[in-house]
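Work through the exercises below with the structure in view. Each task is followed by a solution in steps.

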Amino acid sequence: MKVGHVPEGLFEFAASKELILRLKHNTDIVQSIAEFAGSKGVKAGNFTAIGALKRAELGYYDQTNHEYRKIGIDSPYELASCVGNISLKDGEPFVHAHAVLSDEKGNTRAGHLLEGIVFAAEVHLTQLEGPKLERKYDEVTGLWLWNME
Amino acid sequence: MKVGHVPEGLFEFAASKELILRLKHNTDIVQSIAEFAGSKGVKAGNFTAIGALKRAELGYYDQTNHEYRKIGIDSPYELASCVGNISLKDGEPFVHAHAVLSDEKGNTRAGHLLEGIVFAAEVHLTQLEGPKLERKYDEVTGLWLWNME
Amino acid sequence: MKVGHVPEGLFEFAASKELILRLKHNTDIVQSIAEFAGSKGVKAGNFTAIGALKRAELGYYDQTNHEYRKIGIDSPYELASCVGNISLKDGEPFVHAHAVLSDEKGNTRAGHLLEGIVFAAEVHLTQLEGPKLERKYDEVTGLWLWNME
């Protein structure tokens, strides 16, 4: 069966603010951005980040059993890439981020970013103004995906 | 010979729209974005994406022989990073994207993204308005690079 | 001790221009972007890039000894991801970038990007207008971080 390549959903936004954040040493990158969004009323956005983490927890989603497997990263790594977004889940700002980490040899570990303790982190966040971007449970994937109906 | 570090070319754009897309399960991420661009008249843009793929095909460009080598990824991977752009090739919207994928151990594979079958994917696309950004064959690299003359 | 997850600092900017650059073959990606910023008066910005490098030098920051370890990459790699920013250091535009590279098997190396010799590179740079974003030596990390006081 050939499936058409049209997206499931599309929302148009205006970029209201370009925000530059320096995250605090020893905080969790995911919680920091979520708490920042909550305190500033950011309901939708997209971000990139670079820096270094003291430790982290990554996730891999098992597409068959519909559960996350946790991958502990217990030593310091560069945050070689971090791409993420902010939307609402149960009415509160929710951060979804993926990261690529690298060690002293340049070797990498990557995945869904569950936790990352900041050594230093620089974030560029584009705050978006527009339709309500809210997550809803999706039966097909077992994930909370954007409700774009 | 020392080469000056000035860019080969520069175009200035305005961001006309910030678009948030949820791609459809089982579609190809590259074709989805290209078809979306075609249907909406997006002639230039830049995007990031995160999510998970059911399978993928990556590419590595052989800089000496000027040909892509294909790297098949036949099992589910996280889409740990995806950075790409939209420009015109032969007058049609063309997607150029690179991706980093990660498995259940957090180990990675990466490269030029030839195909990626979507399990779930969230895209942030900045639509750009400005000069005509079109690809043209470049003798030096054997690639279709932006014509910025 | 529980540390609150508020960012160390926040600056708000407007995106003044969306810039698309094609970097010159055989130049260094970090120097190219820095020299471009200097020549065009870009004092703050964020960018992503994809392409291919002929060779590179990556860095890993030793969080205990506060020094960079250099990782030489002496063969051609895809530039699978590059995320970076521009701010001021000693009054001049300074580029901070991280990269993920991939080889013909799709295997990766990543880290702080010290040097990357361009085979081909496509850059999307968002020029930011707003407060002065300047680096200052940080005693805690031994890094030059943004002064957001």
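Copies are superposed by least squares on the C-alpha atoms of residues with pLDDT of at least 70 in both. The model is predicted: local features need pLDDT of at least 70, side-chain atom pairs count only at pLDDT 80 or more, and totals for chains, interfaces and linings use all residues. Residues are numbered from 1 along each chain as its sequence is written, chains are lettered from A in the order in which they are written, and side-chain values use heavy atoms, with hydrogens and water left out.

**Exercise 1.** Find the turn and the shift that lay chain C on chain B.

Step 1. A turn of 120° with a shift of 0.0 Å along the axis lays chain C on chain B, with an RMSD of 0.0 Å.
Step 2. In chain C, the residue that comes closest to the rotation axis is C:Thr108, with its C-alpha at 3.9 Å.
Step 3. Contact means heavy atoms within 4.5 Å. Of the contact residues of chain C, 7% recur in chain B, so the copies use different surfaces.
Step 4. Chain B is superposed on chain A by a rotation of 120° with 0.0 Å of shift along its axis (RMSD 0.0 Å). These two copies are therefore related as by a three-fold rotation axis.

**Exercise 2.** Describe the interface of chain C and chain B.

Step 1. Count the residues: 42 of chain C are in contact with 45 of chain B.
Step 2. Take the buried area, which is the accessible area (1.4 Å probe) that two parts lose on being put together, summed over both. For chain C and chain B this is about 3800 Å², 60% of it on carbon and sulfur atoms.
Step 3. Look for salt bridges (a side-chain nitrogen of Lys or Arg within 4 Å of a carboxyl oxygen of Asp or Glu). The rule finds four across this interface. B:Asp138 forms a salt bridge with C:Arg22, and their closest N and O atoms are 3.5 Å apart.

**Exercise 3.** Which residues of α1(B) are buried, and what do they pack against?

Step 1. Helices (H or I, at least four residues) and strands (E, at least two) are DSSP runs, numbered from the N terminus. Buried means under 20% relative accessible area (1.4 Å probe, protein chains only).
Step 2. The buried residues are B:Ile29, B:Val30, B:Ser32, B:Ile33, B:Phe36 and B:Ala37.
Step 3. Their partners are β1 (9–22) of chain A and, in chain B, β1 (9–22), β2 (45–62), β4 (77–89), β5 (92–102) and β6 (108–129).
Step 4. Just after α1(B), B:Gly41 has a positive phi of about 70°.

Notes. Buried means under 20% relative accessible area, exposed over 50%, partly exposed in between (1.4 Å probe, protein chains only).
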